[in-house]
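These are my notebook entries on one chain, written down in the order in which I looked things up.

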Amino acid sequence: MLATGSPAPEMEFEATTGQTWRLSDYRGVHSALLYFMRSTSCPICNRHVRDLVAHRDEFDSTNICVLIAVPEDRTAGLAWQTENGIPFPVLASSAGTPHESIGLTRNFFGTMQQSGTILIDSDGIIRHTHSATLPTNSYDRKGILAAVDSLGSRTGL
């Protein structure tokens with residue numbers, strides 16, 4: 001997993017719209033909060049996404065774009081997004097998974113998918129990162145909100 005305070009690597013995924021999404025397109029414009037779901041069928045991950053939706057106004061007011069990364073392909077991701085009314089962009093990958101590209105897999109009796117969050121400021125610096133193999137431990141709401149608050153104080157919001 002990536003380290004807080006370090007520069008974020010370039011990330012490029014496929015959005016459910018079919019367009020290419022690049023983290024570099026956000027530099028100097030928006031901060032980005034990426035939530036990596038273990039799977040779209042995971043009830044705990046879905047609960048975490050609902051919490052992100054509930055805090056949408058707070059993210060919008062601090063210029064943070066929330067993005068949801070799913071391990072399924074673009075078609076399955078779009079079906080899940082539509083069925084659940086997810087207002088955020090949903091990202092998939094045409095090769096592997098978004099999770100693999102940032103090290104969110106763990107070899108433990110084979111490969112296990114992890115879930116987690118990464119908050120990257122508009123300068124491309126990671127301000128919060130948290131992950132876990134068990135979805136119940138993968139979403140650090142207090143940590144995310146504290147990092148969001150620190151972005152606001154850093155930019156004078």
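I began with contacts in this predicted model, counting those between residues at least 6 apart in sequence, and I found that 61% of them join residues at least 24 apart.

I then went through the secondary structure, which comes to 5 helices and 9 strands, and I noted its order along the sequence as β-β-β-α-α-β-α-β-α-β-β-β-β-α.

Next I looked up burial and surface. The chain has 157 residues, and 48% of them count as buried, while the accessible surface comes to about 7,500 Å², with 50% of that area belonging to carbon and sulfur atoms.

I searched the whole structure for aromatic pairs, and the search gave 3. One of them is formed by F13 and F36, which meet edge-to-face with 6.5 Å from centre to centre and 80° between the planes. I placed F13 in strand β1 (residues 12–15) and F36 in strand β3 (residues 31–36), so this pair ties together parts of the chain that are 23 residues apart in sequence. I also checked their exposure: F13 counts as buried at 4% relative accessibility, and F36 counts as buried at 0%.

I turned after that to W21 and Y26, whose ring centres lie 5.6 Å apart; their planes stand at 55°, so I entered the pair as tilted. For these two residues I again noted burial, since both W21 and Y26 are buried.

My last entry joins the two pairs, for F13, W21, Y26 and F36 form one aromatic cluster.

Key
Residues numbered from 1 in each chain as written. Predicted model: local features only at pLDDT ≥ 70, side-chain atom pairs only at ≥ 80, totals over all residues. Heavy atoms only, no water. Helix = DSSP H or I, 4+ residues; strand = E, 2+ residues; numbered from the N terminus. Buried < 20%, exposed > 50% of the residue type's maximum accessible area, 1.4 Å probe, protein only. Contact = heavy atoms within 4.5 Å. Areas by Shrake-Rupley, 256 points an atom, 1.4 Å probe, with all protein chains shown as cover. Phe/Tyr/Trp six-rings, centres within 6.5 Å; stacked < 30°, edge-to-face > 60°.
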